Amino acid sequence: STCMACRGSGVQIPSAPLEKMNISYLKKIFLETKELFTSQFFIALLSLLQVSYVVKQLGPEKYGVITLFVTFISLFFKALHSKNSDVTLLAFKEDNKNIFYPALTFDLIIGLFAMLLCFTIYLTPYVSKININSFSNYLLIYLVCRVIFNFSETSKAILINTGNLKILSYMELFGIVIRFFLIVSLISIDPTIQNYLLGQSIYFLSYGLIAVAIARKVIKKTRYEFQMNINEYWHTVKKTYKKIRVDQIIGTVPQHFDVLLLSLIGDINIVGIYKFAKRLVEPINYIVSAFNPWIQNQYSIKKNINFSDFVKKLLLPVSIAIFLAYIYMGKSIILLVGSSEFISAYQPMIILSLGYLFYLLTFWIRQSLLFNELITYHIYGRFIYTAIFIATSLPLTNLFNLNGLALSLSLSMIIQKLYEYFIYKNKIIPKSIF
């Protein structure tokens, strides 16, 4: 095969070897991530089936109540503990020291503090919006189980550090299977908010305990000369923990305040429809979840990753295919997963997909910044993200309702990632991938 423009000059461009290289590159990545991808595919599928069943049984209003309640609780737990596996991973740099028990103790302390903060819901206008008194007993059960769930972050770090990505993927899949059957079974018995929260609580409890048991088994196979105590652990991780906390606290504003803001401006019905649109684009994040442990493991074992090929040969074609699927099949997906009550979720879904797909194309920059000890720039990026969301969300929501809020979130994501790409290009590799 030759290039038409080059035939006259006698220069031949061998496209077949290039195609072979492309296929072999994709094959290599597939072989290294197949377990992660298989588990994330089934996690995404089960999560969508679960959302489908729940929204059809509960309708937009009850789904809106659950969304508001779960979002408020997540705000504190994610701000204080999300991505804590990154902190634990960096603590493993301390040679021959077993950090398992101090890391779990740290998870517990953070979880209990987040739990206390969650009770501030009683001081907010949301109490009357969702009639929290009708399920206040379930709130306590939910919070205690959510604290136990925190342990899974330490377990995840141990499995990544030891290269047990297959075990990690199976563990995550098993957890989602448990959650699916618990919630679907309880909702089928009685479609109430209480039963949804009970199913979610049992999932948190069982997954947290299973994750600890698996990580303990892995740790026992590793010989350590010393046992680290909680004071040493805190001294080792506090700098990274503080940086990642600032990063997560800034980042949780747009990811959670969109729902909280909408619930104050509009009715609970609209909250349910917006959250449904968001749930339909969230499967994009499962692709990120499949690749993140692989990228972290490559960095941990000091292997180079060609991010230029990674984007051009894999992420870009996948992103284009997903976007076209949302455009041409979006309304059918809404009717299949939800019902005609949710059809107004189509436009916000398309707008949100732009932000989420841009994130997919650039998610790897965060890992590059983390392992090059430049995570502070990711925090600056998050700050830009939050500032843009705060500045645009209220005016755009007042002007365009659901579409305005979706546009505000997508704009924030895109501008943040453009900033991070600029940092990556200038501080890590002085060569553009585009």
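**Helix packing, a nonpolar patch and positive phi angles**

In this predicted model, helix H11 (residues 283-300) and helix H14 (residues 364-371) have axes that come within 10 Å and cross at roughly 30 degrees. Because angles under 35 degrees count as roughly parallel, H11 is classed as roughly parallel to H14. The crossing in which H11 passes H14 is right-handed. In general, a pair of packed helices is described by the angle between their axes together with the distance between those axes.

Of the two helices in this pair, H14 was examined further for its cover. H14 is mostly covered, with seven of its eight residues buried. The buried residues of H14 are Trp364, Ile365, Arg366, Gln367, Ser368, Leu369 and Leu370; among them are the nonpolar side chains of Trp364, Ile365, Leu369 and Leu370. Just after H14, the backbone at Glu373 takes a positive phi of about 55 degrees.

Positive phi values also occur at two asparagine residues, Asn131 and Asn401. Asn131, although not a glycine, has a positive phi of about 50 degrees. Its place in the chain is the loop between helix H4 (126-130) and helix H5 (136-149). Asn131 has a relative accessibility of 45% and therefore counts as partly exposed, since this class lies between the limits of 20% for buried and 50% for exposed residues.

The second asparagine, Asn401, is likewise a residue other than glycine, and its phi is positive, near 55 degrees. Asn401 lies in the loop between helix H15 (375-400) and helix H16 (402-428). With a relative accessible area of 37%, Asn401 is partly exposed.

A further feature concerns the surface of the model. Phe113, Leu116, Phe119, Tyr122, Leu140 and Val144 make a nonpolar surface patch of about 550 Å². Two elements, helix H3 (100-118) and H5, each give two or more residues to this patch. One of the patch residues, Leu116, is found in helix H3. The relative accessible area of Leu116 is 60%, so this residue is exposed, the cut-off for that class being over 50%. Helix H5, which contributes to the patch, also bounds the loop that holds Asn131.

Note on methods: Residues are numbered from 1 along each chain as its sequence is written. This is a predicted model: local features need pLDDT of at least 70, side-chain atom pairs count only at pLDDT 80 or more; totals for chains, interfaces and linings use all residues. Side-chain values use heavy atoms; hydrogens and water are left out. Helices (H or I, at least four residues) and strands (E, at least two) are DSSP runs, numbered from the N terminus. Buried means under 20% relative accessible area, exposed over 50%, partly exposed in between (1.4 Å probe, protein chains only). Patches are made of residues with over 30% relative accessible area and no salt bridge: like charges are joined within 9 Å, nonpolar side chains (Val, Leu, Ile, Met, Phe, Trp, Tyr) within 5 Å. Accessible areas come from the Shrake-Rupley method with a 1.4 Å probe; for residues, only the protein chains shown count as cover. A salt bridge is a side-chain nitrogen of Lys or Arg within 4 Å of a carboxyl oxygen of Asp or Glu. Axes are lines fitted to C-alpha atoms, for helices over the stretch in contact, and angles run from 0 to 180 degrees between N-to-C directions. Angles under 35 degrees count as roughly parallel, over 145 as roughly antiparallel, 65 to 115 as roughly perpendicular and the rest as oblique. A crossing is left-handed if the near helix is turned anticlockwise from the far one by less than a right angle, and right-handed if clockwise.
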